[in-house]
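Q: I have just opened my first protein model and would like to learn how to read it. Could you walk me through it, one feature at a time?

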Amino acid sequence: MSRQAATVTTNRRADWRADKGTGNRPVLPTERENPMTTTTHRYVDPIVRSTQMILMYEALARAQYQERLAEAEHERVALRVAAARRHQRRAERAARRASRANRLASVAAARAL
């Protein structure tokens, strides 16, 4: 390679680094070899990254939604249990009143004889 060709190649690399805004960071070996093929394994396509972020937020929202559903179901079960206990106490009171009324009626019937 002639000296003039080497200078042109060096200038292209310098222009390429200036276009990419690399600043003062060292040039990677892959960048030194061929500036046109600098896509490395570290590059993540913005569309893929965006899709991954969307899916991550969807998964988070889905998990929070499932948690809220579980809490709501727990609340419904707790309310049903409380209502069942309340109805049970009410039925027991009604049974005691009916039993007392039967005893009073049987005592009154025995006296009437």
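A: Happily! This is a predicted model, and a good place to begin is confidence. In the chain, helix 3 (residues 46-112) has the highest confidence, with a mean of 92, while helix 1 (residues 3-20) has the lowest, with a mean of 49.

Q: Where does pLDDT stay under 50, and how many contacts beyond four places in sequence does the model have there?

A: Look at residues 5-9: pLDDT stays under 50 there, and the model has two contacts beyond four places in sequence for them. For the chain overall, the average pLDDT is 77, and 58% of the residues score at least 70.

Q: How many helices and strands does the chain have?

A: To read a fold, list its elements from the N terminus. Here the order is α-α-α: three helices and zero strands.

Q: What share of the 113 residues in the chain is buried?

A: Buried residues account for 5% of the 113. As for the surface, the chain exposes about 10,200 Å², with carbon and sulfur atoms supplying 57% of that area.

Q: Which residues make the nonpolar surface patch?

A: Find Met-53, Met-56, Tyr-57 and Leu-60; together they make a nonpolar patch of about 410 Å². One of them, Tyr-57, belongs to helix 3.

Q: Is Tyr-57 buried or exposed, and why?

A: Compare its relative accessible area with the cut-off: exposed means over 50%. Tyr-57 has a value of 51%, so Tyr-57 counts as exposed.

Definitions and conventions:
Residues are numbered from 1 along each chain as its sequence is written. This is a predicted model: local features need pLDDT of at least 70, side-chain atom pairs count only at pLDDT 80 or more; totals for chains, interfaces and linings use all residues. Side-chain values use heavy atoms; hydrogens and water are left out. pLDDT is the predictor's confidence in each residue, from 0 to 100. Helices (H or I, at least four residues) and strands (E, at least two) are DSSP runs, numbered from the N terminus. Contact means heavy atoms within 4.5 Å. Patches are made of residues with over 30% relative accessible area and no salt bridge: like charges are joined within 9 Å, nonpolar side chains (Val, Leu, Ile, Met, Phe, Trp, Tyr) within 5 Å. Accessible areas come from the Shrake-Rupley method with a 1.4 Å probe; for residues, only the protein chains shown count as cover. A salt bridge is a side-chain nitrogen of Lys or Arg within 4 Å of a carboxyl oxygen of Asp or Glu. Buried means under 20% relative accessible area, exposed over 50%, partly exposed in between (1.4 Å probe, protein chains only).
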